[in-house]
Amino acid sequence: MKQMVVPAMRTWDIFCSVIDNYGDVGVSWRLARSLAHEQGAQVRLWVDDLTAFQRIRPDIRPERAQQSCDGVTVCAWRPDMSAGRPADVVVEAFGCTLPEAYVADMVTRSPPPVWINLEYLSAETWVAAHHGLPSPHPRLPLTKYFFFPGYTEQTGGLLRERDLLMRRAHFVQHDVAAHWQSLGLPPPVPGEWRISLFAYENPALAELLDAWHASAEPVTLLVPEGRILPQVADWLGVPGLHACDAARRGALEVRVLPFASQDDYDRLLWACDLNFVRGEDSCVRAQWAARPLVWQAYPQAAAAHHDKLDALLAIYTASLESAAAQVLIGTWQRWNGVPGAPDMAACWAGWRAQRDVLGAHATVWQARLADHPGLVDTLVKFVESKRSQAV
Ligand code: TRH
């Protein structure tokens with residue numbers, strides 16, 4: 001019997017519209033880069049806001065219609081764009097809606113491209129039931145598939161470059177002191193906390209800074225430029241804060257860092273004892289950092305993000321001993337405005353008491369996540385299965 005030959009899917013078009021912040025382009029970029037590096041794919045990444053992209057990848061030139069970056073062809077997604085022949089695989093990141101003309105061109109390919117809608121990450125249990133579902137186009141002979149990242153094998157997995165854990169382990173062993181030096185900081189003194197803070201505006205910030213101000217151990221707070229800075233400045237009683245500013249109040253030293261490249265931000269997460277992260281991508285990176293984290297979910301209407309918060313808390317704390325779990329849950333809830341959560345003074349006392357337990361758990365959690373296949377491998381397998389059905 002003749003074996004069916006499935007054409008290789010070498011070309012990928014990834015479309016990303018930047019709504020606000022950096023998560024959408026951050027995730028799309030990681031996906032594009034890994035497909036090119038690890039799968040030998042020819043990837044075009046279409047982004048409608050290259051200035052936002054440049055923040056996380058400083059060598060991007062926003063004025064260019066097309067440029068090559070780390071093996072990926074980065075294209076400006078403009079209303080007048082002409083993409084030419086659609087790729088073998090088309091990824092619509094976060095339901096960004098493809099250009100109509102491009103969709104019309106997809107029909108002219110036989111078989112048509114495999115069309116993926118890459119969804120937002122959530123640990124909620126409904127995700128497994130929705131992962132991989134088809135959505136036929138209402139008029140055209142095209143099917144779009146919903147691909148959900150997630151924390152279980154019933155989902156699309158988490159983005160993780162193949163060499164990520166190795167690079168991190170090498171950094172932790174050899175490069176942390178040099179990293180602090182590059183940020184203008186001495187090595188930490190015994191007992192000191194080095195904490196990174198990446199956050200949206202947050203009403204719980206002042207009481208958290210109060211707790212660190214009064215802390216028994218020194219706290220060095222590293223704040224990359226961003227939306228939280230005006231609130232930090234208010235608390236310090238200064239008119240404003242800029243990159244490289246520093247201030248000390250009690251046990252707390254605040255250092256403002258220039259917004260880093262994505263790769264440098266990873267290194268900051270690896271180096272710190274505790275990371276406050278927000279949104280989606282930094283939350284995952286903090287988990288790969290094997291350091292304790294406090295997550296601020298992207299705020300949604302009717303507090304829908306509290307369900308996401310609860311879902312991640314449930315799996316993250318499932319095997320954590322009760323006292324440490326209570327500290328983590330209380331802090332995440334307070335940081336996300338969940339009514340009835342303990343105040344930050346109580347939370348911080350808990351962190352001090354549970355420091356070792358929470359630190360060890362972060363390592364265990366990272367290893368557990370690493371047992372699952374990564375998102376890129378899972379996506380490629382999924383796409384191959386859809387293509388073989390189509391030929
Ligand atoms: O920027 P975000 O708040 O993005 C959010 C979320 O992704 C949310 O799900 C989405 O709906 C909303 O945007 C529109 O948080 P996130 O996802 O952590 O993305 C931040 C990116 O910025 C991440 O890739 C890390 C990167 N980063 C740097 O490159 N340098 C830095 O100094 C910092 C602080 C972050």
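Strand 3 (residues 66–69) and strand 4 run antiparallel to each other and pair over four bridges. The model in which they appear is predicted. Elsewhere in this model, six strands form an open sheet of mixed pairing, and a ligand has 23 residues around it. The points below cover the strand 3 and strand 4 hairpin, the six-stranded sheet, its strand 9, the helices, K144 and the ligand site.

**Strands 2, 3 and 4**

- Within the pairing of strand 3 and strand 4, V74 of strand 4 is the bridge partner of Q67.
- Two residues separate strand 3 from strand 4 in their hairpin, and D70 there takes a positive phi near 50°.
- Strand 4 (residues 72–76) also pairs with strand 2 (residues 42–47), this time in the parallel sense and over four bridges.
- In that parallel pairing, R44 has T73 of strand 4 as its bridge partner.
- Strand 4 is largely enclosed by the rest of the structure, because four of its five residues are buried.

**The six-stranded sheet**

- The strand order across the open sheet is 11-12-10-9-13-14, and the pairing is mixed.
- Strand 11 (246–249) and strand 14 (293–296) are the edge strands; each has a single partner strand, so one side of each is left without a neighbour in the sheet.
- On average, neighbouring strands in this sheet are turned by 15° against each other, direction ignored.
- Strands of a sheet pair through backbone hydrogen bonds, in either the parallel or the antiparallel sense.
- Strand 10 (residues 219–224) pairs with strand 12 (residues 252–257) in the parallel sense, over six bridges.
- One of the residues in this pairing is P224, whose bridge partner in strand 12 is L257.
- Strand 10 also runs parallel to strand 9, to which four bridges join it.
- On the strand 9 side, R194 has T220 of strand 10 as its bridge partner.

**Strand 9 and W193**

- Five of the five residues of strand 9 are buried, so the strand is largely enclosed by the rest of the structure.
- In a regular strand the side chains alternate between the two faces of the sheet.
- From strand 9, W193, I195 and L197 point one way, whereas R194 and S196 point the other way; all are buried.
- W193 has a relative accessible area of 2% and is therefore buried.
- Leaving out residues up to four places away in sequence, W193 touches E217, P218, V219, T220, D273, L274, W348, W351, R352 and R355.
- W193 and L252 are 59 residues apart in sequence, with a C-alpha to C-alpha separation of 9.6 Å in space.

**Helices**

- Helix 8 (residues 229–236) lies across strand 9 (193–197), strand 10, strand 11 and strand 12, and runs at about 145° to strand 12.
- Helix 13 (residues 344–353) lies across strand 9, strand 10, strand 13 (274–278) and strand 14; the angle to strand 9 is about 130°.
- Helix 9 (residues 262–271) is mostly covered, with seven of its ten residues buried.
- The buried residues of helix 9 are Q262, Y265, D266, L268, L269, W270 and A271.
- An α-helix has 3.6 residues a turn, so residues three or four places apart point the same way.

**K144**

- K144 is in strand 8 (residues 143–147).
- The relative accessibility of K144 is 17%, so K144 counts as buried, the limit being under 20%.
- The side chains of K144 and E92 are joined by a polar contact of 3.2 Å.
- Apart from neighbours within four places in sequence, K144 is in contact with E92, W115, N117, L133, P134 and S135.

**Ligand site**

- Among the 23 residues around the ligand, those that come nearest are Y200, A260, R278, D281 and S282.
- The side chain of Y200 places a polar atom 2.5 Å from an oxygen atom of the ligand.
- An N or O atom in the side chain of R278 is 2.8 Å from an oxygen atom of the ligand.
- For Y22 the atom concerned is a backbone N or O, which lies 2.9 Å from an oxygen atom of the ligand.
- On its own the ligand has 710 Å² of accessible area, and the protein covers 97% of this.

Technical notes. Residues numbered from 1 in each chain as written. Predicted model: local features only at pLDDT ≥ 70, side-chain atom pairs only at ≥ 80, totals over all residues. Heavy atoms only, no water. Pairing = 2+ DSSP bridges. Axes fitted to C-alpha atoms, helices over the stretch in contact; angles between N-to-C directions. Contact = heavy atoms within 4.5 Å. Near = heavy atom within 4 Å. Polar contact = N/O pair within 3.5 Å; in protein donor to acceptor, adjacent residues only side chain to side chain. Areas by Shrake-Rupley, 256 points an atom, 1.4 Å probe, with all protein chains shown as cover. Buried < 20%, exposed > 50% of the residue type's maximum accessible area, 1.4 Å probe, protein only.
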